[in-house]
Amino acid sequence: MNTKSGYVSIVGKPNAGKSTLINAILKTKLSIVTPKPQTTRKNILGILSSDNSQIIFVDTPGFIKPRYELQKSLVNNIIESVQGTDLILVLFEVSDKEKIEFFKTSDLFKLIKEQNKPVFLLITKIDQLKDIKEVLPMIAEFNQLILFKEIIPITALKNANIDELINTIERYLPESPFLFDKDIISTQNDRFFVSEIIREKIFFCYGDELPYSTEISINEFKEREKGKWFISADIIIERDSQKKIIIGKKGEKLKSVGESARQSIESFLNHSVFLELFVKVRPKWRDNKSVLKSLGY
Ligand SMILES: Nc1nc2c(ncn2[C@@H]2O[C@H](COP(=O)(O)OP(=O)(O)OP(=O)(O)O)[C@@H](O)[C@H]2O)c(=O)[nH]1
Ligand SMILES: [Mg+2]
């Protein structure tokens, strides 16, 4: 039997719903999701295998004009992904008012066009519409670009049109043996997922700017035969003044972040853990190439 296999990049502006989509497709929480833009920082693979096809989805950071070194690395992740992919999914929020005029002049449009690969437009969050017909003018408008092989309205949150999307993608995949073991769904290790769980808690627990100045580094991850596993992580921030905010009055805030992270980590690892969190200041880490490198950027 001939099998099909290939890479599918998920790209779009911050907050377009990329991570929600990869999670819905894989029916697993692989990539963290928050209401804030620029949540995803590293490319995350989600591998969907059936009897005769294997689709390797790649969730990427939201596309922006980079202002500092960390953002340059995020954009490089997107470029790397679209260059090595077989198919590109561009996500566009149905409520995005900038629409086609802006998209036509954007660097993202240029980057996608240069690849000469099949591109689908996914109009996302259509559950926000009162009437599904409201999406039709947007489809007509984007059709004028003659860039998209398919235009599919979806809602990953309500799981509408996801199966149809997967079937359509399969039609475009190259014939190829499977590129990964049929049983694995991602390539990142537990350390990565644990650091992402902690980062997600930070996004939800602190105000506007702080999560953007924060990174997580896992120092120790000890799986023990008996008893709790031991995990020690640093919460890296940029300024001393942020330390107070992270820790909170009498350490209450950090304690509650740690508690909620521990619970999510335990359900992810299916094992009880002891989680230790330290707060470390690394001035301007987002602009420091060697610190970024040590953090995997
Ligand atoms: N109503 C609705 N909300 C959605 C849908 N998909 C995603 N969202 C919400 O949109 C917000 C952003 O979703 P993400 O999946 O984190 O978006 P993203 O494109 O990965 O964002 P970045 O990683 O920052 O680039 C979250 O609050 C999601 O719950 C959808 O289909 N319908
Ligand atoms: Mg994301």
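**From two loops to two sheets**

Asn-116 is exposed, for its surroundings within 10 Å hold 7 other C-beta atoms. The cut-off for this class is 12 or fewer such atoms, and therefore a count of 7 places Asn-116 among the exposed residues. This description, like everything that follows, refers to a predicted model. Asn-116 belongs to the loop that runs between α4 (107–114) and β5 (119–124). Its backbone deserves attention, since Asn-116 has a positive phi of about 50 degrees although it is not a glycine.

A second residue may be read alongside it. Lys-27, also not a glycine, has a positive phi of about 55 degrees. Lys-27 is found in the loop between α1 and β2. Is Lys-27 buried or exposed? Lys-27 counts as exposed because 12 C-beta neighbours lie inside 10 Å, and the limit for exposed residues is 12 or fewer.

The loop of Lys-27 leads to β2, and the loop of Asn-116 leads to β5. Both strands belong to an open sheet of 6 strands, whose order is β2-β3-β1-β4-β5-β6 and whose pairing is mixed. At the edges of this sheet stand β2 (44–49) and β6 (150–153), each of which pairs on one side only. On average, neighbouring strands of the sheet are turned by 25 degrees against each other, direction ignored. As a general matter, strands of a sheet pair through backbone hydrogen bonds, either parallel or antiparallel.

One pair of strands in this sheet can be followed in detail. Strand β1 (residues 4–12) pairs with strand β3 (residues 53–59) in the parallel sense, and 7 bridges join them. At one of the positions concerned, Ile-10 has Asp-59 in β3 as its bridge partner. Ser-9 also lies in strand β1. Why is Ser-9 classed as buried? The class requires 20 or more other C-beta atoms within 10 Å, and Ser-9 is buried because 27 such atoms lie within that distance. Apart from its neighbours within four places in sequence, Ser-9 is in contact with Val-58, Thr-60, Ser-81, Val-82, Thr-85, Ile-88 and Leu-89. The pair Ser-9 and Leu-89 shows how the chain brings separated residues together: they are 80 residues apart in sequence, and their C-alpha atoms are 5.9 Å apart in space.

The model also contains ligand 1. How many residues surround ligand 1? The shell consists of 24 residues, and the closest are Gly-17, Ser-19, Thr-40, Gly-62 and Leu-157. Helix α1 (residues 18–26) gives the most to this shell, namely 3 residues. By class, the residues around ligand 1 comprise 8 nonpolar, 13 polar and 3 charged ones.

Further along the chain, a second open sheet is found. Its 3 strands follow the order β7-β8-β9, again with mixed pairing. The edge strands are β7 (215–222) and β9 (273–281), each pairing on one side only. From one strand to the next, the twist averages 20 degrees. Strand β8 (residues 229–237) pairs with β9 in the parallel sense over 9 bridges, and within this pair Ile-235 stands opposite Val-279 in β9. Two helices pack on this sheet. Helix α7 touches β7 and β8, and its direction makes about 135 degrees with that of β7. Helix α8 (residues 240–247) touches β8 and β9, with a direction at about 150 degrees to that of β9.

Helix α7 has a further partner. The axes of α7 (residues 190–205) and helix α9 (residues 252–269) come within 9 Å and cross at roughly 145 degrees. The crossing of α7 with α9 is right-handed. On the α7 side, the residues that meet α9 include Phe-193, Ile-197 and Lys-201; on the α9 side, Val-257, Ile-265 and Phe-268 are among them. By class, this contact has 11 nonpolar, 2 polar and 2 charged residues.

Phe-268, located in helix α9, gives a closer view of the crossing. Once its neighbours within four places in sequence are left aside, Phe-268 is in contact with Phe-193 and Ile-197. The C-alpha atoms of Phe-268 and Ile-197 are 9.1 Å apart, while 71 residues separate the two in sequence. Phe-268 is classed as partly exposed because 16 other C-beta atoms lie within 10 Å, a count that falls between the limits of 12 or fewer for exposed and 20 or more for buried residues.

Technical notes
Residues are numbered from 1 along each chain as its sequence is written. Chains are lettered from A and ligands numbered from 1 in the order in which they are written. This is a predicted model: local features need pLDDT of at least 70, side-chain atom pairs count only at pLDDT 80 or more; totals for chains, interfaces and linings use all residues. Two strands pair if DSSP finds at least two bridges between them. Helices (H or I, at least four residues) and strands (E, at least two) are DSSP runs, numbered from the N terminus. Axes are lines fitted to C-alpha atoms, for helices over the stretch in contact, and angles run from 0 to 180 degrees between N-to-C directions. Two residues are in contact if their C-beta atoms, placed from the backbone, lie within 7 Å. A residue is near a molecule or strand if its C-beta atom, placed from the backbone, lies within 6 Å of it. Ala, Val, Leu, Ile, Met, Phe, Trp, Tyr, Cys and Pro count as nonpolar, Asp, Glu, Lys and Arg as charged, and the others, Gly among them, as polar. A crossing is left-handed if the near helix is turned anticlockwise from the far one by less than a right angle, and right-handed if clockwise.
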